[in-house]
Amino acid sequence: MNVKKLLLPLALLLPLTATAQSISPAQIEQFKQLPRAQQEALAERYGVDLDSLGSASRRSSQRPQQVNVVEPVNSITNQEREQARAKQKEDEEQAQAAKNGGLKPFGYDLFAGSPTTFAPVTEIPVPTDYTLGPGDMLRVQLWGKENQNLELPISRDGSISFPDSGPMNLAGLSFEEARQQIRKRVSEQYIGVEAAVTLGELRSMRVFVLGEARNPGSYTVSSLSTITNALYVSGGVKQNGSLRNVQHKRNGKLLGTLDLYDLLLKGDSSADNRLQPGDVIFIPPVGKRAGIEGEVYRPALYELDGESTLEDLVSMAGGLTPQAYPQRVKIERTNADFLRIIAEADYTGPKGRNAQVKAGDRVSIPSISDITGQFVEIKGAATRTGKFAWMPGMRVSSIIRNLDADLLPVADKQYAAIVRTNPQDDTISVLNLRLREAVRNPGGVHDLKLEERDRLFFFTDAGKVDIEKPDTNGSEAVGNGDEQKPETFTRENLFAPVLQRLKAQAKPGAPQQTIRISGPVRYPGEYPMPASHRLADAVFVAGGLKDSASLYQAEIARYTQDESGIGQTHILNVDLAAAMAGQSSLILQSRDTILIKSIPQFAQPRTIILKGEVRYPGEYTFREGETLKEVVQRAGGLSSNAFPAGAIFTREKLRQLEAQRLREAEERLQGDLLGVQLQGDSFGGQDVERVQQVEDLLEDVQNSRPVGRMVIDLAAVLSDESYQSVRLQDGDQLIVPTIPQSVSVFGEVQFPTSHLHQPGLTVDDYLQRSGGPTRQADESRVYVVKADGSVMLPERSQWFGGRSQQLEPGDTIIMPIDVDRLNQLELWTNVSQIVYQMALGAAAVGNL
């Protein structure tokens with residue numbers, strides 16, 4: 001008996017040991033008291049592991065761990081889920097469109113807003129022929145002698161329980177029939193009472209959406225749902241599913257089919273049958289498709305329903321647009337040999353409209369051609385560009401009535417061009433238009449008549465572009481894109497295709513009608529030949545002459561052929577003033593190159609800067625060939641405190657030469673420094689110190705700034721008639737310092753500094769006052785830079801061995817580095833001298 005009592009709970013609880021471990025310790029102990037054979041038999045019968053059962057008993061005394069009986073809901077939000085679905089659908093559509101040449105299948109956007117939940121649809125008006133069934137709720141309102149509101153659900157047997165009247169069977173009746181029966185019973189059993197019957201909550205039913213649905217499966221929908229309601233709930237139809245053969249089945253029998261094209265194209269929902277519980281909506285694969293593109297309202301891929309004609313396909317695509325050209329409809333199809341071929345159909349005739357459309361066809365409706373006549377076109381810097389209607393007799397003033405309103409602010413209001421096409425041979429010619437005169441005097445000689453297909457070019461004025469700089473994103477902008485930038489409307493850009501056309505149409509007997517003009521004109525370059533072939537008109541096309549143009553003479557280089565047919569170039573000299581006044585009989589020819597000469601040295605400023613101890617310092621403009629002496633005299637001469645021996649005269653061209661020398665020296669010094677670093681131990685272990693010295697010298701070179709000093713004896717320039725005159729150049733500068741009182745010592749001495757000048761002291765005396773030379777000094781190459789910039793090499797006395805030359809105020813003693821110790825690199829000697837001289841010149845300038 002005890003064994004039977006134990007087997008009952010074990011039979012119920014043993015299968016749970018592998019998961020929830022819900023057997024109590026007492027029951028496990030009772031199980032262990034059984035014989036081993038019975039334990040194994042029970043474990044084998046119920047699929048229990050005896051080892052796990054033992055471990056469960058050991059863990060029973062511990063705190064039980066939480067077990068997730070229900071898997072938690074994914075943390076993804078509805079918005080993220082909708083985005084993922086939209087992304088998946090977009091990828092499918094893009095893949096399908098890429099496969100079909102960019103055309104998307106028609107109709108599948110109907111389900112683009114499918115719901116994310118599958119709630120039953122209950123908010124639908126109830127029709128009177130609605131068939132009642134179990135689960136429907138009837139609401140009956142009684143009034144009159146007795147007032148009462150009743151809610152009567154239809155039970156599973158199809159009846160309702162009417163109070164004080166017994167059951168009433170309504171299942172299978174229409175709502176209208178049920179309402180009449182209820183009213184009849186109330187009127188028979190309740191005297192003086194009337195009833196109003198309405199439907200409350202409707203029953204739900206389960207239907208199946210299968211086949212090529214986006215989310216196939218079973219769905220709970222309202223009893224009023226139709227086929228389209230179920231399709232919408234299920235997410236719609238995949239792009240590989242049929243929209244024209246949606247099948248409605250019940251108990252395995254086909255009740256009907258729904259062609260969604262009728263709903264989409266005609267608004268016909270007559271085939272949208274109401275569903276019953278257990279109904280199946282099956283979506284088969286898509287049928288034959290044909291694509292249509294071009295000038296139709298709905299270019300797409302359409303599913304064909306049996307035999308279809310070109311007219312049917314165009315009708316499904318919404319018809320032809322007004323821009324369609326129906327006489328040559330192109331049809332691409334696959335023939336019997338599986339090759340793509342092209343066929344054509346004339347849609348304007350019955351034969352073309354009735355042409356059969358086959359699976360895989362791709363129909364292209366072409367567009368009508370662009371405007372070919374009865375127009376004039378405006379291009380360039382105009383407020384309104386494009387094509388406008390042309391009427392016989394119209395002139396330029398008919399289109400451009402106000403220069404300020406009809407042209408952009410940056411437009412050139414003096415000149416415009418008319419490009420005219422000859423209707424006989426399609427060649428072009430260019431007419432020059434004096435725009436301001438044409439608008440001011442409508443109907444005048446400059447207000448040219450326009451012909452059909454004329455193109456008017458309006459150009460920008462470079463001066464206005466630089467001054468006004470209109471904002472293409474603001475109110476002055478017309479249109480969008482880079483095409484509205486002022487630089488787009490230059491003569492060069494607008495005339496480029498015209499020049500190319502003129503060159504292409506040239507032939508023997510009709511030479512190329514282009515010219516080229518250079519020199520001081522506003523817009524030099526290549527231009528179409530003026531219709532008048534006059535030089536004045538060519539200059540007008542180029543924007544006119546600049547003030548630097550010389551009116552005395554111009555040159556025309558003309559290409560001609562001699563008697564033997566060999567090309568030659570002749571130079572013609574032209575009186576430009578007479579040509580501009582219309583007094584020249586010169587006629588321009590093909591490919592003439594016009595050179596407008598400039599006034600020699602026109603408006604070229606030549607200045608010199610006088611600084612320091614001159615009576616009237618400042619910037620002076622000098623004449624061609626004027627000398628330094630004459631300019632200093634114009635400035636009132638030197639002051640009483642001037643030191644002419646230390647004058648610094650700099651020249652811009654010399655400064656540029658010094659800058660070039662510095663760059664060359666720096667490049668060579670960097671190469672030599674690399675060589676010294678690679679030699680390493682050749683300096684006897686002192687390579688680090690020597691390399692550092694060379695790097696310091698390189699740094700001095702890099703930090704040096706060229707001065708461009710030229711050594712002159714200013715006192716001799718001003719007073720000695722036999723001294724060579726200094727002819728001035730633009731950018732010259734003269735700095736006259738005050739009388740100095742010091743002698744400077746620079747270079748490899750212990751204390752580089754300046755000393756008060758004392759008569760009788762020699763070079764060696766000043767060197768000793770600066771502490772004497774350092775270990776890196778080269779005493780045999782000491783030199784003195786005089787105040788005027790010249791260099792003196794002091795010589796040692798043969799008797800006493802010292803340098804006894806006396807110095808003057810403003811002199812500088814330079815003790816150079818001993819470059820012989822640095823691997824005999826002679827370049828360093830020259831570089832160090834350049835650096836010292838530049839430093840002295842810059843210091844003298846900075847002390848003023």
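## Strand β14 and its partners

Strand β14 (residues 329-334) pairs with strand β17 (residues 362-365) in the antiparallel sense, over three bridges. The model is predicted. β14 also pairs with strand β15 (residues 340-345), again in the antiparallel sense, here over six bridges.

Glu 332 has a bridge partner in each of these strands. In β17 the partner is Arg 362. In β15 the partner is Ile 342. The hairpin of β14 and β15 has five residues between the strands. In that hairpin, Phe 338 takes a positive phi near 60 degrees.

## Two faces of β14

In a regular strand, side chains alternate between the two faces of the sheet. β14 shows such alternation. Val 329, Ile 331 and Arg 333 point to one face and are buried. Lys 330, Glu 332 and Thr 334 point to the other face and are not buried.

## Ser 308 in β13

Ser 308 lies in strand β13, which covers residues 308-309. Its relative accessibility is 5%, so Ser 308 counts as buried. Leaving aside neighbours within four places in sequence, Ser 308 is in contact with Ala 355, Gln 356 and Val 357.

## Confidence

The protein chain averages a pLDDT of 80. A pLDDT of at least 70 is reached by 75% of the residues.

Over residues 681-685, pLDDT stays under 50. The model has five contacts beyond four places in sequence for residues 681-685. Over residues 823-827 the pLDDT is also below 50. Beyond near neighbours in sequence, the stretch 823-827 has nine contacts in the model.

Technical notes. Residues are numbered from 1 along each chain as its sequence is written. Side-chain values use heavy atoms; hydrogens and water are left out. Helices (H or I, at least four residues) and strands (E, at least two) are DSSP runs, numbered from the N terminus. Buried means under 20% relative accessible area, exposed over 50%, partly exposed in between (1.4 Å probe, protein chains only). Contact means heavy atoms within 4.5 Å. Two strands pair if DSSP finds at least two bridges between them. pLDDT is the predictor's confidence in each residue, from 0 to 100.
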